[in-house]
Amino acid sequence: MTKKHILVLPGDGIGPEVTAQAVRVLQAVGDFRFGYANLGGIAFDEEGDPYPKSTRAAAHKADAILLGAVGGLKWEPLDISVRPEKGLLGIRKDLELFANLRPAVVFEELAAASSLKPEIVAGLNIMIVRELTGDVYFGEPRGIHTNKDGSRTGINTMIYHDWEVQRVARVAFNLARKRGRKVCSIDKANVLVSTEMWRQEVQKLRDTEYPDIELSHMYVDNAAMQLVRNPKQFDVMLTGNIFGDILSDEASMLTGSLGMLPSASLGSGDTGKCAALYEPIHGSAPDIAGKGVANPIATILSVAMMLRYSFDNAAAADKVEQAVKKVLAKGLRTRDIMQEGCTAIGTVAMGDAILNALEGK
Ligand code: IPM
Ligand code: MG
């Protein structure tokens, strides 16, 4: 059997540190071939393009992609067309990674770290399915125009096609079947017609193909409120690109630690047979980059998602997740999740601890 090929894009800031630990975990649970390429600010510095051709070619060949994080203050003065974020948007669009899975799970050991009361968040387990290649992020026309009278107009276009809604809704429904069989679809159908169509298409698909799923619809403003009022009412949340961007940050904070949350961006179906990219939810954290203190757990849990969705290896994914839980139960913490009575350790030591736990130590 040929070895699966994983492309690692360490990226910027703490990206290289956290991906290094995740690669060690992959090496411990399987026999993979690794390749490396640039994405984001480092890619602009070294190759003049945040998503260079060399990376593009490697991405199309890989069986799965592991990304650290992109961006940093250093590149903020750049034109938006070559900023690190453009590399991320570029690879998403190029590989048509239309389904972004962002779990918001509260680890028992960390429930007290949430800014909400423990009883509101304990046991929380939401899966946000965010559409990732459409909407106002990519819609045309777009741009900043200077008018004849010298005034300026900025334009973005909120747009969805029915097939874009259907394919991401299918991912949400299929995931719900393996969970609590509930999907809440988020829109602003009272104001925005593109999301009125979104609502209609999601409902149609539920009625024709997923009658076993309990589907509800919620306006995005209400959803933002419900997430902090009673987040446990949600099982799978299905959203468009911009609403998902905002709601997933909100949901991640319910869990108390951004440093713990993984994500998957999948190209087709819910099994990721096509292109698939895995990355931690957190950013590049330039303030702590290179100091050896970053939390690698979100990236390590992203690797667990990779094993589950790209390599159909639920057993190995479970093993990695259990190892993380074991290390937390032992009281080992990176400083972002430090609690009284626990032991503070750095990035590599956290990797070591998780590897030990994997070996049953
Ligand atoms: C995210 C990020 C990106 C997005 C940025 C960095 C382009 O906020 O992955 O949520 O807006 O999608
Ligand atoms: Mg975001």
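Begin at the boundary between domain 1 and domain 2 of this predicted model, where the count is 1 salt bridge. To see this salt bridge, select Arg-167 and Glu-96 and display their side chains. The closest N and O atoms of the pair are 2.5 Å apart.

Next, colour the two domains separately. For domain 1, select residues 1-97 together with 267-361; for domain 2, select residues 99-260. The domain assignment of the protein chain thus gives domain 1 in two stretches of sequence, 1-97 and 267-361. Seen as a whole, the C-alpha centres of domain 1 and domain 2 lie 23 Å apart. The contact between them draws 22 residues from domain 1 and 23 residues from domain 2.

Now consider the area of this contact. The size of an interface is often given as the accessible area lost when the parts come together. Between domain 1 and domain 2, about 2200 Å² is buried, and carbon and sulfur atoms give 64% of that area.

Return to the polar atoms at the boundary. Between domain 1 and domain 2, 5 residue pairs are in polar contact, with both residues at pLDDT 80 or more.

Then hide domain 2 and examine the side of domain 1 that touches domain 2. Select helix H4 (84-94), helix H10 (297-309) and helix H11 (314-329), each of which supplies at least two residues of that side. Which helix should be highlighted for the largest share? The choice is H10, from which 5 residues come. Finally, colour the residues of this side of domain 1 by character: 11 are nonpolar, 4 are polar and 7 are charged.

Conventions: Residues are numbered from 1 along each chain as its sequence is written. Chains are lettered from A and ligands numbered from 1 in the order in which they are written. This is a predicted model: local features need pLDDT of at least 70, side-chain atom pairs count only at pLDDT 80 or more; totals for chains, interfaces and linings use all residues. Side-chain values use heavy atoms; hydrogens and water are left out. Domain bounds come from an automatic or database domain assignment. Contact means heavy atoms within 4.5 Å. Buried area is the accessible area (1.4 Å probe) that two parts lose on being put together, summed over both. A salt bridge is a side-chain nitrogen of Lys or Arg within 4 Å of a carboxyl oxygen of Asp or Glu. A polar contact is a pair of N or O atoms within 3.5 Å; within protein, one must be able to donate a hydrogen and the other to accept it, and residues adjacent in sequence count only if both atoms are side-chain atoms. Helices (H or I, at least four residues) and strands (E, at least two) are DSSP runs, numbered from the N terminus. Ala, Val, Leu, Ile, Met, Phe, Trp, Tyr, Cys and Pro count as nonpolar, Asp, Glu, Lys and Arg as charged, and the others, Gly among them, as polar.
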